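Reader: Could you pick one spot in this model and take me through it closely, then carry on from there to whatever else is worth a look? I'm happy with a long answer, as long as it hangs together.

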Amino acid sequence: MGLLHALPLVLFAQCVLSSTTLVHESISHAPSGFKASGSPSPTQEIKLFIALVQSNITGLAKVVDAVSTPSSLSYGKYLTAAEVAEYVKPPPASVSTVTDWVTPNVASVKPFSPAGDILQVSLTVAQAEGLFNTKFGTYTRSADGQSVIRALNYSLPSSVQQHILHVHPIIAFTPPPQRTSKNTVYKRRPTSDRRQLAPCEDIVRPVCIQEFYGLPNKTISGSLTNTLGVQGYNSPDLGEYANNDDLATFLDEFRPDIAGNTFSVTLLNGAQNLQDNSGGLEGQIDIQYTVGIAGDVPTTYLLDGSNTDAATSYMDTINWLLTQEEPPTVFTTSYGNLETDLTPTAATSVCNGYMQLAAIGISMIFASGDGGAANNDQDDCTSFVPTFPPTCPYVTSVGGTFFQPPTAFSSSSGGFSNLFPVPSWQAADTAAYLASIGDEHSGFYNPTGRGFPDVASEWEVFIVNAGGVTSIGGTSCASPIFASFIALVNDRLIAAGKPTLGFLNPLLYSTGRGGLDDVNVGQSSGCGSISGWPAINGWDPVTGLGTPDFPGMLEALGI
Ligand SMILES: *[C@@H]1O[C@H](CO)[C@@H](O)[C@H](O)[C@H]1NC(C)=O
Ligand SMILES: *[C@@H]1O[C@H](CO)[C@@H](O)[C@H](O)[C@H]1NC(C)=O
Ligand SMILES: *[C@@H]1O[C@H](CO)[C@@H](O)[C@H](O)[C@H]1NC(C)=O
């Protein structure tokens with residue numbers, strides 16, 4: 001795939017330590033925000049993931065292009081998860097070489113991914129230090145006082161190195177997924193004043209979203225398999241769930257025509273579906289703006305209780321989706337990280353996981369983040385930091401806008417990846433944008449990177465939380481709204497006897513443009529006195545290609 005573009009800090013050193021051991025990855029020091037705080041006990045158990053070389057990931061990328069590009073003969077002919085596994089499963093020699101090498105030195109080794117391309121090993125710190133010829137330390141994150149056991153480099157015997165992509169998370173200091181990249185939930189003036197305003201004048205209600213985007217009230221296909229998946233995280237850090245009573249109150253107030261609709265819940269990794277009002281706001285937004293917008297589309301909330309690094313959390317969801325008999329057709333996530341939070345190798349593994357979901361026909365939708373162009377609160381910055389997963393080419397990311405006229409939300413994150421090169425379906429759009437801005441921000445971003453977000457929708461809405469109506473905002477609201485739009489389009493496709501949309505971007509950047517309304521007013525924030533990106537005619541890194549236009553999309557799809 002040639003996905004790796006620039007490798008800040010991380011070196012794929014080929015420097016030889018001894019005749020048989022090669023340093024595989026290294027960083028010069030722990031990232032800022034972490035302090036070395038001693039050595040872990042040698043008998044402490046840790047869990048590591050070994051990503052093995054995949055047999056034909058470049059072939060899978062070609063298949064994904066073929067099944068996702070409207071002009072292709074294979075458009076909509078998605079693979080089964082078993083067919084995908086043939087492309088990503090490692091060559092047998094890689095499995096046996098690596099398994100034979102680790103087995104005497106670990107407590108257990110088992111497949112983590114369904115295709116067996118990622119192995120999970122449990123071992124002690126002392127065993128890991130021996131296997132990977134390194135020294136682990138304990139590092140404490142100043143933000144929350146949490147400690148992780150990590151090393152600054154690791155080595156592999158030359159006989160196994162060719163079979164391994166990377167081992168995770170030895171040098172990765174990645175935090176868990178965050179509520180959008182900046183963990184922001186916006187609240188403005190007291191809600192009571194604002195509800196006196198005309199319904200669609202300011203903060204909007206579902207009926208305004210339906211009206212502006214032309215969304216139908218209900219589904220027509222009667223399909224039970226066109227489900228909309230919603231990511232939740234219930235770790236001690238995030239503590240989210242979606243409250244059933246609040247959804248019921250929300251529908252009574254804002255969508256009486258579908259009052260009584262509910263959602264199903266799947267619990268992963270010990271998550272707790274508490275219904276005691278201890279949950280945060282994110283779960284309420286994500287469920288109320290899927291169930292409350294997507295009419296009767298069956299909705300399922302995947303609540304993950306793990307508190308691992310984000311790359312592992314994202315892989316958990318990918319593995320779950322790959323193993324469902326009837327996975328959701330659309331899946332929305334309002335959590336994310338800075339691209340710099342992940343090591344390039346781990347980000348590439350996760351992105352290749354999204355490639356697998358694209359191959360089986362799932363539309364993966366992510367909030368673009370709420371940190372503007374820079375994702376940096378300082379008065380000064382020397383670069384714009386993009387967000388991940390939005391920079392992975394195999395997901396569709398959603399920026400924020402508000403009515404009326406449709407205007408860019410200034411905190412909408414967007415920009416250009418430092419890891420993933422611009423894909424062919426997007427190259428003309430990013431080139432046109434960069435030509436229009438000239439030298440502005442030159443040196444702050446990677447002009448050859450994948451641009452994001454892809455699309456946008458309303459960012460500020462009313463929700464019900466703990467029984468009361470409150471206004472809230474962020475791209476957290478935009479992602480579930482856009483996902484609901486796609487789920488409703490899929491419903492019409494099913495009714496017309498056609499396949500659902502799957503990986504959206506090759507469609508959106510070509511014939512699907514007619515299903516989006518361009519936004520060319522407003523701009524994102526930068527940092528301090530440095531401005532962000534202006535929204536212009538055509539694609540821009542604030543509002544992407546624009547907001548949903550349901551009738552336009554039906555016409556573009558010929559239904
Ligand atoms: C990899 O996949 C592509 C696309 O299906 C196929 O054309 C090619 O033959 C495969 N290569 C190998 C080595 O299996
Ligand atoms: C690996 O990390 C250790 C510190 O843990 C350091 O002393 C050593 O120089 C590093 N080696 C390389 C090749 O980076
Ligand atoms: C949707 O429902 C509302 C309220 O029940 C109704 O006023 C409106 O006409 C409906 N819209 C459509 C497109 O059926």
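Author: Let's start with Ala-466, which is partly exposed in this predicted model. Its relative accessible area is 48%, and the cut-off for calling a residue exposed is over 50%, so Ala-466 stays in the partly exposed class. You'll find Ala-466 in the loop that runs between strand E23 (460–465) and strand E24 (468–473). Now check the backbone there: phi of Ala-466 is near 50°, a positive value, and this residue isn't a glycine.

His-441 makes a good partner for that. His-441 also has a positive phi, about 65°, without being a glycine. It sits in the loop between helix H12 (427–437) and strand E21. What about burial? His-441 has 10% relative accessibility, and buried means under 20%, so His-441 counts as buried. For a glycine with a positive phi, go to Gly-214, where the angle is about 70°. Gly-214 comes just after helix H7. Helix H7 itself covers residues 206–213, and its buried residues are Pro-206, Cys-208, Ile-209, Gln-210 and Tyr-213.

While we're on backbone geometry, have a look at the cis peptide bonds. One joins Phe-452 and Pro-453, with omega at about 0°. Pro-453 belongs to the loop between strand E21 (449–452) and strand E22 (455–458), and E21 is the strand at the far end of the His-441 loop. Another cis bond runs from Phe-388 to Pro-389, this one with omega near 10°. Pro-389 is placed in the loop between strand E17 (387–388) and strand E18 (396–402).

Two more loop residues, then. Val-521 is partly exposed at 35% relative accessible area, and it lies in the loop between strand E25 (516–517) and strand E26 (547–548). If you pair Val-521 with Val-207, you get 314 residues along the sequence and 23 Å through space between the C-alpha atoms. Pro-175, in the loop between strand E9 (164–168) and strand E10 (178–179), counts as buried at 15% relative accessibility. The C-alpha atoms of Pro-175 and Arg-141 are 9.1 Å apart, with the two positions 34 residues apart along the chain.

Strand E9 takes us on to some side-chain contacts. His-168 lies in E9 and is buried, with 5% relative accessibility. Its side chain makes a polar contact with the side chain of Asp-309 at 2.7 Å. Something along those lines turns up at Ser-363, in strand E16 (residues 363–367). Ser-363 has a relative accessible area of 1%, which puts it among the buried residues, and its side chain reaches the backbone oxygen of Gly-502 at 2.5 Å.

Now for the nonpolar packing. In general, nonpolar side chains in soluble globular proteins tend to be buried together. Here the largest nonpolar core has 126 residues, and Tyr-354 and Tyr-394 are the members that touch the most others. Helix H13 (residues 475–495) supplies the largest share of this core, 11 residues. Where does the core sit relative to the domains? Domain 1 (21–54 + 89–168) and domain 2 (184–556) both contribute residues, so the core lies between them. There's another core apart from it, with 31 residues, including Ala-30, Leu-131, Tyr-139 and Phe-173.

Last stop, since you're a chemist: ligand 1. It is surrounded by Asn-56, Gly-59, Val-63 and Tyr-87. By class that shell holds 2 nonpolar residues, 2 polar ones and no charged ones. Asn-56 puts a side-chain N or O atom 2.3 Å from an oxygen atom of the ligand. Tyr-87 has a polar side-chain atom 2.8 Å from a ligand oxygen. Taken alone, ligand 1 exposes 360 Å², and the protein buries 34% of that area.

Technical notes:
Residues numbered from 1 in each chain as written. Chains lettered and ligands numbered in written order. Predicted model: local features only at pLDDT ≥ 70, side-chain atom pairs only at ≥ 80, totals over all residues. Heavy atoms only, no water. Core = buried A, V, L, I, M, F, W, Y, C linked by side-chain atoms within 4.5 Å. Buried < 20%, exposed > 50% of the residue type's maximum accessible area, 1.4 Å probe, protein only. Helix = DSSP H or I, 4+ residues; strand = E, 2+ residues; numbered from the N terminus. Domains from an automatic or database assignment. Near = heavy atom within 4 Å. Polar contact = N/O pair within 3.5 Å; in protein donor to acceptor, adjacent residues only side chain to side chain. Areas by Shrake-Rupley, 256 points an atom, 1.4 Å probe, with all protein chains shown as cover. Nonpolar A, V, L, I, M, F, W, Y, C, P; charged D, E, K, R; others polar.
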